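I opened this notebook to keep a record of what I looked up in the structure. The entries follow the order in which I took up each topic.

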Amino acid sequence: MNVRVNEAEDPNSLTLRLGSGETLALESGARLDRLQIAYQTYGALNADRSNAILVCHALTGDQHVANDHPVTGKAGWWVSMIGPGKPIDTDRFFVICSNVVGGCMGSTGPASGNPETGEPYGTDFPVVTISDMVRAQKLLVDHLGIGTLLAVIGGSMGGMQVLAWASLFPERVFAAMPIATAAKHSAQNIAFHEVGRQAVMADPDWRRGRYRVEGARPVKGLSVARMAAHITYLSEPALQRKFGRKFQDRDAPTFSFDADFQVESYLRHQGITFVERFDANSYLYLTRAMDYFDLAADNGGSLAAAFARTKTRFCLVSFTSDWLFPTADSRQVVHALNAAGASVSFVEIESDKGHDAFLLEEPNLFATTRGFLDAAANARGVGKAGT
Amino acid sequence: MSTILPPDTLVRPDHRLVWNMIGEGTRVLDVGCGDGTLLDALARTKNVDARGIEISRGGVAACVAKGLAVIQGDADTDLADYPDDCFDFVVLSQTLQATHRPRAVLEQMLRIGRNAVVSFPNFGHWRMRTHLLIHGTMPVTEHLPDTWYNTPNIHFCTIRDFVELAEELKARIVRADALDAAGRAVGVQMPWWFWNLMGEQGIFWLARGEARV
């Protein structure tokens, strides 16, 4: 097997390997020694080190944001957004994206070797949180010699990291752009995640998380988890437009449990391709991290307190058809930021593509991102592209 | 007050008047800021901390693309979240008549800002009066082209009505202007009744009763 083990241990990425002296203290109280952070960068850091933008990836994303993926060979997940002349313009900005701690693409996670046993951590890996991910990213940013990031930007779980960055290290974040996200995971979202985790753990090949050691792979469980989750990333109108009740390679029902419908075939494909590149235990850990996220609870019950006296400028974006992180979630953050006196922009973009809209061709998202980042860069005196 | 002329990008006469009222380096919230023309001019030429609220998605997108801090929202619901006194000026241009609770909106404006600048169409204008008198139907004019059943304007008032409301709220009228249909100022020395007849729109600079501008 396999590429995935190699990517977890020895990724096709830049890597930061911390010495044994530098431990990451986790929110749970556990500590991670010899932390490894896999990351990609695009563009060049300017002499003032003032043009760095950190991109935070979502649940099943990774650091390969604007280059071909080393496992799948597919284009990076945000190539439409990041590159020369694009909204996140790599001719002007230095873009960093790191695999989150708990991930499976080269940052320390359950697929990584446990230095104490030499075997993959599996479920011995400590539970990590969104703020743990952010603290790990901060170690990377420190090592890159960057003081204040020009911007931190991300959607969904990436948006949660953006909010956590702005709350934990406000002086390190000049501008923050949380997209299609929330300051806490809703009961409904926790419920969906629990379905996914149970699907993974119900697979006999999960082996209580020791599948790597025992040479098995819970592909069925993980792919069912992905199928269920994928439905939540789309909207009903998008599913209807794309598939309707159309049959897959046939003209009539087969009166069987074959994938008669195109939508079934599509979901099965989504499940199968996902397991090729993702670690089942990572899926458990990262969904858990999202479930635990509640920024108000971390600040005495007041979301506004999470952003008290912040100087960071914010731009929030939601999408009309996103029912996983609906506009009301973003609006709650906007209200808290207003109460904190923060500089905040908020736009709800009309789209019928559901939660996934943030990853797709959305001209209004591109225009908003470009306008917000350019204004932030100008305010900070970052030179224009090519100057 | 500034004697410098507003930038040429500001073409609306009410915008030019409001621009004149706003002090250098102040904190300004423009409620119903549209595509951000006024805020952008203020940010560029008066170094104000410019914030906005706009109901239309297109308007907000245009503002953010200009680099303005604007949220999608509306005057009726989104002013309540701001803490007291967080702005020097809260501007409401041609929007009061479209709010559900104009009095509450004005109160909120004067709570979160030391000053409020409000412009609104004057339903006491002679054209309105003669239209109603002669035709007996709700007036439809060049500047208010909607029919009664599809207008977003649900709370029309006259200049006199507005003055009464300001008094009820114990707001001090720092400055008032009336503009005629061509956007020219109606004689400054004239009494209220004249403004109420000749002004097509009123522009009021209010301050909290106790405040000194």
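The entries below cover confidence, domains, one helix and two loop residues.

**Entry 1. Confidence.** I noted at the outset that this is a predicted model. For the complex, the predictor reports an ipTM of 0.85 and a pTM of 0.93. I then looked up chain B, where the mean pLDDT is 90 and 97% of the residues reach 70 or more. I kept one caution in mind: where pLDDT is low, predicted coordinates should not be read in detail.

**Entry 2. Domains of chain A.** I consulted the domain assignment of chain A, which lists domain 1 as 3–185 + 294–379 and domain 2 as 190–287. Between the C-alpha centres of these two domains of chain A I found 25 Å. To their contact, domain 1 of chain A gives 29 residues and domain 2 of chain A gives 22 residues. On the side of domain 1 of chain A that touches domain 2 of chain A, I recorded 13 nonpolar, 11 polar and five charged residues.

**Entry 3. Helix H11 of chain A.** I asked what span helix H11 of chain A should have. Helix H11 of chain A holds 17 residues (363–379), so at 1.5 Å a residue it should span 24 Å; the end C-alpha atoms are 24 Å apart, in agreement. I next listed buried residues of H11(A), among them A:Leu365, A:Phe372, A:Leu373 and A:Ala376. A:Asn364, A:Thr368 and A:Thr369 are also on the buried list.

Against which elements do the buried residues of H11(A) pack? In chain A, I found strands E7 (88–89), E9 (149–155), E10 (173–179), E11 (313–319) and E12 (343–349). From chain B, helix H3 (57–65) also packs against these buried residues. Just after H11(A), I noted that A:Gly381 has a positive phi of about 75°.

**Entry 4. Positive phi outside glycine.** I recalled that most residues other than glycine have a negative phi. A:Arg34 has a positive phi, near 45°. I located A:Arg34 in the loop between strand E3 (31–32) and strand E4 (36–42) of chain A. A:Arg34 is partly exposed, because 16 other C-beta atoms lie within 10 Å, and the buried class needs 20 or more.

In chain B, I recorded a positive phi near 60° for B:Asp85. The loop that holds B:Asp85 runs between helix H4 (75–78) and strand E4 (87–93) of chain B. Is B:Asp85 buried, exposed or partly exposed? I entered B:Asp85 as partly exposed, because it has 13 C-beta neighbours inside 10 Å, and the exposed class stops at 12 or fewer.

Definitions and conventions: Residues numbered from 1 in each chain as written. Chains lettered and ligands numbered in written order. Predicted model: local features only at pLDDT ≥ 70, side-chain atom pairs only at ≥ 80, totals over all residues. pLDDT = per-residue confidence, 0-100. Helix = DSSP H or I, 4+ residues; strand = E, 2+ residues; numbered from the N terminus. Expected span 1.5 Å × (residues − 1). Contact = placed C-beta atoms within 7 Å. Domains from an automatic or database assignment. Nonpolar A, V, L, I, M, F, W, Y, C, P; charged D, E, K, R; others polar.
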